[in-house]
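Me: Please take a close look at the open and enclosed spaces in this protein. I would like to know what lines them and how the packing around them is made up.

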Amino acid sequence: MFGFFRRMGIGSVLASLVLTLCLVGVGLSTKLMIDSQRSWTGAEIVSRLVDQNKRVFAVLQALRFERGDTDSALRMPVDRAALVTKNLATYRQTIDANMQVILAASLSEIPAWKMPGAAIAAAFEALKPLRQAADADIAKPLEARDRALVESILPKMAEFLTAFEAASRVLDTEVKRIDARNGELLLAKQLAWTARAASGQGAIVVQAALNDNRPFTPKELETSNSARTQIALAWPLVRDIVRTAELGPAVDAALKGADTGYFGGDFGAYNARIVEALTAGKASGTTFSEYKPRVTVAVSTLSEVATAILDEALSRADKTATTAYYAFIGYAFLLAAAVGMSAISILVVRGHIVRPIVAMTRAMARLAENDATVEIPGQNRGDEIGGMSAAVSVFKDNMKRNRELEQQIADEKARAEAVRKNAMNQMADNFESAVGGVVQAVSSAAVQLQGSAKSMSAAAEETTHQSTAVAAASEEASTNVQTVASAAEELAASVAE
């Protein structure tokens, strides 16, 4: 691997490293953005599911009240039934308004909602003719009413309740699937609703007995005991979850209101006394008209706990969605910044590092070719490139200085050679002058000597060979003079050469 990098240029290595870091930053930013987008989308879906669940729960509560009041009104004379039917319009308005919103929300991204959604839509359509039949029957005198209708109201509307409860459970499951942090929250809501449904069942049989001014029938007693058992099992668990899970002050306040409004306070003892009397076959000491409004308020406190829990779940989902949304925006900006920084980093590496290094490499190559005229780039920079430029400039200056020294040495050598030549020429001229004078003097002396010899020879001849010895000496002297003259001439020729 390192061998591969060694074969690459510095620019390529730097660009590769910068590009790798940029890709890592972009990839990390992209992942965070995708995660936040998923969290945002999931939180929005949870928010819609919780809102849908809240509306289904509102329908459940109103439907339970409508069911109980419709059954009670069908069992009362017209004048007494008028007191009950006043509330039916309110319950129905609540149901109809929430059902419009429920049916309008398709929740197509939740496949599990398709069947329960269709079931509650069918139940709602089936409820409408049942309401009309009940209203028409309530307007009749008690003895003229349809007993089959009276006896079918509770089981038929129980089927509707079952459909809505199943839809609520599906919504709870989907919420927990998408965001498991809502597990305890929705468990507390389910338990609170179990207690609320059981209390409603108990209230219905009590109202039926009070309306007929009689004790519980065996079936009603069984229903009452079952309801009390469910409440006794569910409500302590609700208390434990609310107190340990820190579901917020609104849920705490609702729990306190239920403990006081249903289990404690005046209603708790009042309801226990009535149930005990009806179970024992004794007089309850109260009437339907007195019990009905009190139990309605008390049971509503249980519903308020479940509603507060759903409100808390919706609030959490909204907060999560908002947080995820801003995180998504932040990571989107981070991604854009990473892309921008990547581009800037690559441009900076290429323009601030790679190109100066390439230019420096070219300048050094020209210096290696003994080109001292090359301009060294980056001399004004204060970074490492500037340091390299300063170092290379030293080499350039040393090269120029060496060339100047070489030129100086060459010039000095040429001057010395010229001086030597001039000195040699001068010496030769002086020698020639000196030797030439000597040769000239010798030549003059030889000429004079030759003249003297000739004179002597002539004298000798004139004296007619005065003596043989003198003649021989004269002849020998003449020969010697000629030898000297020849030697003088040869010397003169040698000096001339």
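Reply: A pocket here is an open set of grid points, on a 1 Å grid over the protein atoms alone, with protein on both sides within 12 Å along at least five of seven lines. A cavity, in contrast, is a set of points where a 1.4 Å probe fits but cannot get out. The model is predicted.

First, the setting. The protein has twelve helices and zero strands, so in sequence order the pattern is α-α-α-α-α-α-α-α-α-α-α-α, with helices taken from DSSP runs. Of its 497 residues, 36% count as buried. Among contacts with a separation of 6 or more, 78% are between residues 24 or more positions apart. The accessible surface is about 28,000 Å², and carbon and sulfur atoms account for 60% of that area.

The largest pocket has a volume of about 370 Å³. Its lining consists of 16 residues, and those nearest the centre are Leu154, Ile204, Val205, Lys219 and Glu220. Four helices each give at least two residues to this lining: H2 (10-74), H5 (147-178), H6 (183-212) and H7 (218-245). By class, the lining of the largest pocket has seven charged, six nonpolar and three polar residues.

The second largest pocket holds about 300 Å³ of space. It is lined by 19 residues, with Arg228, Ile231, Tyr262, Asn271 and Val275 closest to its centre. Helices H6 and H7 supply at least two residues each here too, as do H8 (249-263), H9 (265-280) and H10 (288-368). The lining of the second largest pocket divides into twelve nonpolar, five polar and two charged residues.

One residue to look at beside these pockets is Ser224, which is found in helix H7. Is Ser224 buried or exposed? Ser224 has a relative accessible area of 3%, and because buried means under 20%, Ser224 counts as buried. Leaving aside neighbours within four places in sequence, Ser224 is in contact with Val205, Phe216 and Val275. Of these partners, Val205 is one of the residues nearest the centre of the largest pocket, while Val275 is among those closest to the centre of the second largest pocket.

Turning to enclosed space, there are two cavities of 30 Å³ or more. The largest cavity contains about 120 Å³ of space. Of the 13 residues that line the largest cavity, Arg64, Phe65, Gly200, Ala203 and Gln207 lie nearest its centre. H2, H6 and H10 are the elements that give two or more residues to this lining, and H6 gives the most, with five residues. The lining of the largest cavity comprises five nonpolar, four polar and four charged residues.

Arg64 also leads to a buried charged residue, Glu165. Glu165 is found in helix H5 and has a relative accessible area of 18%. Because the cut-off for buried is under 20%, Glu165 falls in the buried class. Beyond its neighbours within four places in sequence, Glu165 is in contact with Leu60, Arg64, Trp193 and Ala197.

The second largest cavity has a volume of about 30 Å³. The residues that line it are Glu66, Thr70, Arg92, Leu127, Leu130, Arg131, Ala134, Ile153 and Met157. H2, H4 (114-138) and H5 each supply at least two of them, and H4 has the largest share, with four residues. Five of the lining residues are nonpolar, one is polar and three are charged.

That leaves the nonpolar packing. In soluble globular proteins, nonpolar side chains tend to be buried together. The largest nonpolar core has 90 residues, and Trp113, Phe164, Trp235 and Tyr291 have the most contacts inside it. Not counting residues up to four places away in sequence, Trp113 touches Gln52, Val56, Ile102, Ala105, Ser106, Leu107, Ile120, Ala167 and Leu171. Apart from the largest core lies another one, of eight residues, which include Met360, Ala372, Val374 and Ile376.

Key: Residues numbered from 1 in each chain as written. Predicted model: local features only at pLDDT ≥ 70, side-chain atom pairs only at ≥ 80, totals over all residues. Heavy atoms only, no water. 1 Å grid on protein atoms, 1.4 Å probe; cavity = no way out; pocket = protein on both sides within 12 Å on 5 of 7 lines; lining within 4 Å. Points joined across faces, edges and corners; volume = space filled by probe spheres on them. Nonpolar A, V, L, I, M, F, W, Y, C, P; charged D, E, K, R; others polar. Core = buried A, V, L, I, M, F, W, Y, C linked by side-chain atoms within 4.5 Å. Buried < 20%, exposed > 50% of the residue type's maximum accessible area, 1.4 Å probe, protein only. Contact = heavy atoms within 4.5 Å. Areas by Shrake-Rupley, 256 points an atom, 1.4 Å probe, with all protein chains shown as cover.
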